[in-house]
Amino acid sequence: MLYTEIFGAILHYENDDPDFAHHLLVKIKKKYAMLLSERKFKRERLFITIMEKIINDASYLTHKSFLADLKTFDAFRIYVPGDKEYISLSAWLNSKLHKKTYYQLFLDTAG
Amino acid sequence: MNSAIDDMILSFSREELRQFNYFLTRNGNTDKVNDIKLIQKMRKGTSAQLITTNAERQIRKRLKEQLEQFSLLDNLKYNVHSEINSLLEVSKFLFRKNLHKHAWNYLIKAEEMASRNQEYEQLDFIYNIQISYSSTVYIPNMSTPEIQGLINKRNKNLTLAKIDSDANAAYALLFYEIREQLSKDPYFDIDVLINKVFERFSLDSKIYKSPKIYARVVRVVCMALHEKKDYIQQKNYAMTSYKIMSRRKMLDRIPDELIMDLLFSIYTSAIKTKDYKIAEEFIAIYEKKIDRFKMQQDLYLNYHVTGNINAADLFMFTGRLDEAKNRLQMLYKRYADQKQLAKTYFLIRINMLALYFKYNEFSRCIKLHNEMMQEKKRKALTYRRG
């Protein structure tokens, strides 16, 4: 369910509603506080932090720290096609970095 | 927690619900209207009181009996075990009525069916009835050598039953041994371990001779490797086994479910290791076989949905979005509102969401997402209400 709710935040952000996306992220953090504090969910925790930064700071996407955060995020787990990550979080973040469509980056990740 | 009646009603497909409604109307059941009202209430998960609590309790009690009888009849359609049992029940009835000739016909029919489906325990029961009734004067053409033949058949069946039961124990042990070995050394020799486990039950010589045992061993190994996420080894092992089975012409002698599981194991591990060519080849074989096999409706639905979802996944990974869309839309239309497929339906929708996201159709994604979240919320409320 955590993933499904994170997808919700991504969808609203992409649908030009960053405020609601931010509201959803706050809700997720609160609802899954216990889960997100666990070590095995550090990847998801980092994703939420990155997304909050994207929403709150317009210059973050062009900043070096985004690249650094993305590298850390990608290092957590290699993408395996057919996993439960129906929307690849890594491909989505990379699409923001390379300014390409999500699907182009998804094909690079899955191919 | 829901009661057994609620869960049974929720597990019905539209077709089963229709059949159950017909079943309720049999013998001029006058309370049918209230029964159907209650069923609709359960299916919707609403709290609207259509009837008083006391009346509801009475209807539930009656529904429980009806459901139990309905499940017996439904089992007869798909479950061989029940079908054999029903033949035995009829034969017992006929023996009681002194209609021995007809009773024997039923017994022989049951024996054939049990033997064909390797139901050894039932077969033993049938032979015991045959032996006990062989002393009656009404037996058609039964002589002493025939009775001896019957006893021999029974003894042979007992040996087979023991092999079957030992093999079941060996599969369970094998699964846990592989699990343990994988945690110690991921590159250990699986075949050596299989032989070691089956040797304990004196079955090591039977593994490669019996197609059914071999197929089940392969299934256990693939399951253990999948659990450990060793997809490369899983793919190689499953493919090699499939080739061996095909070369030795075993495929026709293996139960349908085991073949489907093997094919499923090959193409899912191929997708996970990004070997899309192999995945496509085996999904095609899987889809060709699925309609040819005669299997239980629920099982068919599961195989059908998972096959199509995986095919859609494969299309997405290889840049064929339109083909993926066609597949998922077909599933979405076909399985909408099928309560017994709630989990699978969730899978269909989340895959559609991922698909529309690739098309950048975000408002459609949000609509689907809201639908899914509302369903989750409604379900949580229904369960809380108990």
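In chain B, take the contacts between residues at least 6 apart in sequence: 57% of them join residues at least 24 apart. A contact here is a pair of residues whose C-beta atoms, placed from the backbone, lie within 7 Å. For chain A, the share worked out in the same way is 44%.

Some ground rules come next. This is a predicted model, in which local features need pLDDT of at least 70 and side-chain atom pairs count only at pLDDT 80 or more, while totals for chains, interfaces and linings use all residues. Residues are numbered from 1 along each chain as its sequence is written, and chains are lettered from A and ligands numbered from 1 in the order in which they are written.

**The two chains**

Chain B has 17 helices and zero strands. Helices (H or I, at least four residues) and strands (E, at least two) are DSSP runs, numbered from the N terminus. Of the 386 residues in chain B, 27% are buried. Buried means that 20 or more other C-beta atoms lie within 10 Å of a residue's own; exposed means 12 or fewer, and partly exposed is in between, with C-beta atoms placed from the backbone.

Chain A has seven helices and zero strands, and 25% of its 111 residues are buried. Its C-alpha trace spans about 35 × 30 × 25 Å along the principal axes. A compact globule with 111 residues would have a radius of gyration near 13 Å, and chain A agrees, at 13 Å. That radius is taken over C-alpha atoms, and the globule rule is 2.2 Å times the number of residues to the power 0.38.

**Where they touch**

The contact takes 18 residues from chain A and 20 residues from chain B. On the chain B side, helix 12 (256-272), helix 14 (297-317), helix 16 (342-358) and helix 17 (362-385) each supply at least two residues. That side of chain B divides into ten nonpolar, six polar and four charged residues. Ala, Val, Leu, Ile, Met, Phe, Trp, Tyr, Cys and Pro count as nonpolar, Asp, Glu, Lys and Arg as charged, and the others, Gly among them, as polar.

**Cores**

Nonpolar side chains tend to be buried together in soluble globular proteins. Here, the largest nonpolar core has 77 residues, and those with the most contacts inside it are Ala9(A), Val221(B), Leu263(B), Tyr267(B) and Leu353(B). A nonpolar core is a set of buried Ala, Val, Leu, Ile, Met, Phe, Trp, Tyr and Cys residues joined through C-beta atoms within 7 Å. Not counting residues up to four places away in sequence, Leu263(B) touches Phe282(B), Ile285(B) and Tyr286(B). Another core, of 13 residues, lies apart from the largest one, and Ile84(B), Trp104(B), Leu123(B) and Tyr127(B) are among its members.

**Two helices to look at**

Helix 6 of chain B has Ala103(B), Trp104(B), Tyr106(B), Leu107(B), Ala110(B), Glu111(B) and Ala114(B) buried. Seen down the helix axis, these buried residues fall within an arc of 160 degrees, so they line one face of helix 6. The arc is that of the directions from the helix axis to the C-beta atoms. They pack against helix 5 and helix 7 (120-133) of chain B. On the other side of helix 6, Lys101(B) and Arg116(B) are exposed. Right after helix 6 comes Gln118(B), whose phi is positive, near 55 degrees.

Now try helix 5 of chain A (residues 64-76), which is hardly covered: the count of buried residues among its 13 residues is zero. At 1.5 Å a residue it should span 18 Å, and its end C-alpha atoms are 19 Å apart, which agrees. The expected span of a helix is 1.5 Å times one less than its number of residues.

**Three loop residues in chain B**

| Residue | Loop between | Other C-beta atoms within 10 Å |
|---|---|---|
| Ser13(B) | helix 1 (4-11) and helix 2 (14-25) | 17, partly exposed |
| Asn98(B) | helix 5 (80-96) and helix 6 (100-116) | 9, exposed |
| Asn360(B) | helix 16 and helix 17 | 12, exposed |

Asn98(B) is not a glycine, yet it has a positive phi of about 65 degrees. Asn360(B) isn't a glycine either, and its phi is positive too, at about 65 degrees. As for Ser13(B), it is 322 residues from Tyr335(B) in sequence, and the two are 9.5 Å apart in space, C-alpha to C-alpha.

Key: Two residues are in contact if their C-beta atoms, placed from the backbone, lie within 7 Å.
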